[in-house]
Amino acid sequence: MRKIEVCCGSLREVREAEAGGAVRVELCGAIACGGVTPSYGVLKQVAEANLKIDVNVLIRPREGSFLYNAEEVDAMCRDIALCRELGLHGVVIGALTADGDVDIESCRKMMEAAGDMSVTFHRAFDVCRDPRQALEDIISLGCHRLLSSGQECSAELGTELLAELVRQANGRIIIMPGAGIRPSNIALIEQKTGAAEFHSTARITRSDGMNFTHPRVSFAVSLADEGRLSLSDRTIVSQLVNNRL
């Protein structure tokens, strides 16, 4: 049975994912830059919301590469400990060495901080040097799931590697395609990869409700995007869950 995980930035979006039939969310902030760890306020709000859906939290201290120093690794371990204390289901981690391999030492510290929580290795995998060796390293760490686009800009383009990873994993870890997963392509990606879990933002763009827009100043990517929000939507989630070839 196909399972959908939705990338969400707020309790409002988590509720949309739950209503649409997703089994899990990845909770994060700053989705436009690939996501960072959400604020304490958002974490506590979601933890106290009496949700039935599993909530995994992205653990990423900043945008940019996945090469982290000791202070950043310590901060990530503290964030993981907080998520565990709040009773959240899981965390989403990842770290690489300067040479593009899985940073076993740093990831092991994060695994120890997670304890019995569910752990997904995130798309740091997609910029690693050797995906086949990286998969074995991630399995050896004890991660439950790998999120990947197949080292392409979208999972649709990465289906060949994703299918190979599913075969290599052979049930030892869940391979979860993500990046550009839409209702229009999910069935084809499912067929080509043999994967059973998929990651999507399931987003639509809508007005944020502001009536006034300054004509010369914008904090959006472009002035045309000012006053627009991209939010997970239950209808898109439902289509991802149910669309078939």
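**Contacts, sheet order and salt bridges in the predicted model**

When neighbours within four places in sequence are set aside, the contacts of Cys77 are Lys109, Met110 and Ala113. The model is a predicted one. Cys77 belongs to helix H3, which covers residues 70-85, and the residues it touches include Lys109, 32 residues away along the chain, with a C-alpha separation of 7.1 Å. The relative accessibility of Cys77 is 17%, and the residue therefore counts as buried, the limit being under 20%.

The cysteines were examined for disulfides. With a sulfur-to-sulfur limit of 2.5 Å, the count comes to zero. For Cys77, the nearest cysteine sulfur belongs to Cys107 and is 9.8 Å away, and Cys77 is in no disulfide. Cys107 is in no disulfide either; the nearest cysteine sulfur to Cys107 is that of Cys143, at 6.7 Å. Cys107 has a relative accessibility of 0% and is classed as buried.

The strands form an open sheet of eight, paired in parallel and ordered E7-E6-E5-E4-E3-E2-E1-E8. Strands E7 and E8 (197-200) are at the edges; each has a single partner strand, so one side of each lacks a neighbour in the sheet. With direction ignored, neighbouring strands of this sheet are turned against each other by 25° on average. At the E8 edge, strand E1 (residues 3-8) runs parallel to E8 and is joined to it by four bridges. Lys3 is placed opposite Glu197 of E8.

Glu197 also takes part in a salt bridge. Its partner is Arg24, and the closest N and O atoms of the two are 2.7 Å apart. This pair connects distant parts of the chain, since Glu197 is in strand E8 and Arg24 is in strand E2 (residues 24-27), 173 residues apart. Both Glu197 and Arg24 are buried. A network of salt bridges links these two residues with Glu5 and Arg145. Over the whole structure, the search returns 15 salt bridges.

Two further salt bridges were considered individually. In one, the side chains of Glu72 and Arg62 meet with an N to O distance of 2.6 Å. Glu72 lies in helix H3, whereas Arg62 lies in the loop between strand E3 (54-58) and H3, and the two are ten residues apart. Glu72 has a relative accessible area of 17% and is buried, while Arg62, at 24% relative accessibility, counts as partly exposed. In the other, the side chains of Arg123 and Asp126 meet at 2.7 Å, N to O. Arg123 has a relative accessible area of 32% and is partly exposed; Asp126, with 10%, is buried.

His122 is situated in the loop between E5 and H5. A relative accessibility of 4% places His122 among the buried residues. Beyond its neighbours within four places in sequence, His122 is in contact with Leu58, Ile59, Phe66, Val92, Ile93, Gly94, Leu146 and Leu147. Of these contacts, Leu58 falls within strand E3 (54-58), and Leu146 and Leu147 fall within strand E6 (145-148).

Helix H5 comprises residues 131-141, and its buried residues are Pro131, Ala134, Leu135, Asp137, Ile138, Ile139 and Leu141. These buried residues pack against two helices, H4 (104-114) and H6 (159-169), and against three strands, E5 (118-121), E6 (145-148) and E7 (174-177). The N-terminal end of H5 is capped by Asp130, with a side-chain oxygen 3.2 Å from the backbone nitrogen of Arg132. Just after H5, Gly142 adopts a positive phi of about 100°.

Notes:
Residues are numbered from 1 along each chain as its sequence is written. This is a predicted model: local features need pLDDT of at least 70, side-chain atom pairs count only at pLDDT 80 or more; totals for chains, interfaces and linings use all residues. Side-chain values use heavy atoms; hydrogens and water are left out. Buried means under 20% relative accessible area, exposed over 50%, partly exposed in between (1.4 Å probe, protein chains only). Contact means heavy atoms within 4.5 Å. A polar contact is a pair of N or O atoms within 3.5 Å; within protein, one must be able to donate a hydrogen and the other to accept it, and residues adjacent in sequence count only if both atoms are side-chain atoms. Two strands pair if DSSP finds at least two bridges between them. Axes are lines fitted to C-alpha atoms, for helices over the stretch in contact, and angles run from 0 to 180 degrees between N-to-C directions. A salt bridge is a side-chain nitrogen of Lys or Arg within 4 Å of a carboxyl oxygen of Asp or Glu.
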